[in-house]
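Student: I have a new model open and want to learn how to read it. Can we go through it feature by feature?

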Amino acid sequence: MSTAPDAAASVDHVATPLTDARSQLAEAISLLGLSDGLHQMLATPRRELSVAVPLRMDSGESRLYLGYRVQHNFSRGPAKGGLRYAPNVNIDEVRALAMWMTWKCALLDVPYGGAKGGIAIDPREHSMAELERVTRRYTSEILPIIGPERDIPAPDIGTDEQTMAWIMDTYSVNSGYTVPGIVTGKPIALGGSLGRASATSRGVTHIALAALRHVGLDPARSTAAVQGFGKVGADAARFLSEAGVRVTAISDQYGAVSNDGGLDIGALSDHVRATGSVIGFAGAEPLDGADLLTHDVDLLVPAAVEGVLHDGNATEVRASVIVEGANGPTTPAADRILRERGILVVPDILANAGGVIVSYFEWVQANQAYWWRADEVESRLEERMLSAWKHVLGYADARGLSLRTAATALAVERVAEAHRLRGLYP
């Protein structure tokens with residue numbers, strides 16, 4: 001029996017992203033027959049840093065925020081992971097996200113380990129000047145543990161290419177020369193990769209279309225609902241619509257809208273840019289945000305935050321296929337319910353891996369000082385995503401596993417093999 005901490009959570013009402021992540025790891029460890037000692041190492045981050053981030057406001061007053069950077073694993077390469085600005089960021093959430101990044105990189109055979117960072121701050125409450133100052137101070141605090149061969153941040157919730165530009169400049173100024181490989185997801189003018197901004201959404205779309213076909217549904221005759229209209233959800237909705245899928249419902253943090261005939265994604269995007277929310281869009285009817293998850297569609301794409309599908313609503317889900325655009329949107333209890341109901345769930349570490357794949361491409365391009373065309377990036381992304389899909393599907397079918405269990409087991413197996421080959425120092 002494993003002795004790893006919090007290896008499983010029995011019920012959803014005490015579950016957190018970290019207990020979910022450790023529960024998934026425990027299942028993979030048991031399936032693979034790996035030792036308790038290795039289980040403990042994989043359940044525990046290799047390095048984590050908590051920092052105080054003081055901010056001088058535009059008004060002249062000072063505020064203090066807490067920031068984190070967790071490096072879960074280095075066995076297959078430097079750590080890699082996003083930086084999140086959100087008021088509810090905490091160390092356990094960052095630990096979970098870093099662990100999921102380790103499995104994601106291993107599953108897609110990207111030579112990175114997993115990391116994640118965050119500041120418990122609401123970026124909507126701050127000016128650009130204040131966000132620049134808090135980003136530069138945070139970067140200064142974590143400078144000792146990041147670098148293009150150590151740990152490479154990228155955008156996440158509440159951050160964007162401008163945030164990455166500030167991190168790159170702060171790191172470069174302290175190094176005495178420009179270091180484009182310190183971050184990915186930066187502006188094209190500073191060495192960013194073509195296709196990076198929409199890479200996660202493109203990857204989600206490639207997997208969603210493959211999953212629909214796998215269950216016998218024609219994408220051109222299928223319907224979809226997308227929860228979240230941010231970095232991932234907005235472009236995923238657009239790409240699905242362009243592929244012929246009728247997107248009938250979309251939500252954001254303020255509410256949801258629906259149109260059984262299909263939403264005009266371009267017009268909805270214009271509306272969100274003008275108003276800040278999907279609410280009030282003239283081309284749709286209002287819908288309660290929670291009801292989007294149980295909307296009558298073929299495909300559901302949860303592309304917002306963790307834990308939105310749980311034991312309280314999983315029995316009401318009507319989609320045939322769920323493709324996880326967000327990290328950790330489905331709790332272990334919901335996973336069991338959905339599988340019993342015959343609903344195909346494509347896990348986050350496969351479905352939303354497009355971002356880290358093109359981040360890897362960006363890092364490679366920065367190291368070579370040679371940039372690829374957009375069509376080269378997109379064709380290589382599609383090849384990586386569909387190859388991983390076929391591998392996970394084959395592994396699951398051969399062993400009678402869910403796609404999540406198969407994907408996690410494949411990833412854990414690769415990381416465990418790297419541990420075995422490198423040995424234990426000293």
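Student: What radius of gyration would a compact globule with 426 residues have, and what does the chain have?
Tutor: The radius is taken over C-alpha atoms, and the globule rule is 2.2 Å times the number of residues to the power 0.38. For 426 residues that gives a value near 22 Å; the chain has 21 Å, which agrees with a compact globule. Its C-alpha trace spans about 55 × 55 × 45 Å along the principal axes.

Student: What kind of model is this, and how are residues numbered?
Tutor: This is a predicted model: local features need pLDDT of at least 70, side-chain atom pairs count only at pLDDT 80 or more, and totals for chains, interfaces and linings use all residues. Residues are numbered from 1 along each chain as its sequence is written, and side-chain values use heavy atoms, with hydrogens and water left out.

Student: How many helices and strands does the chain have?
Tutor: Helices (H or I, at least four residues) and strands (E, at least two) are DSSP runs, numbered from the N terminus. Here there are 13 helices and twelve strands.

Student: What share of the residues is buried?
Tutor: Buried means under 20% relative accessible area, exposed over 50%, and partly exposed in between (1.4 Å probe, protein chains only). In this chain, 59% of the 426 residues are buried.

Student: Which residues touch the most other members of the largest nonpolar core?
Tutor: A nonpolar core is a set of buried Ala, Val, Leu, Ile, Met, Phe, Trp, Tyr and Cys residues joined through side-chain atoms within 4.5 Å. The largest has 86 residues, and W103, I250 and W389 touch the most other members. A second, separate core of 24 residues includes Y65, I121, I145 and Y171.

Student: Is S359 buried or exposed, and what is it in contact with?
Tutor: S359 lies in helix α11 (residues 354-368). S359 is buried, because its relative accessible area is 2%. Contact means heavy atoms within 4.5 Å. Leaving aside neighbours within four places in sequence, S359 contacts K80, Y112, A154, T184 and R196.

Student: Where does R137 lie?
Tutor: R137 is in helix α4 (residues 128-142). Its relative accessibility is 37%, so R137 counts as partly exposed. Beyond neighbours within four places in sequence, R137 is in contact with V53 and P54. R137 and L55 are 82 residues apart in sequence, yet 7.9 Å apart in space, C-alpha to C-alpha.
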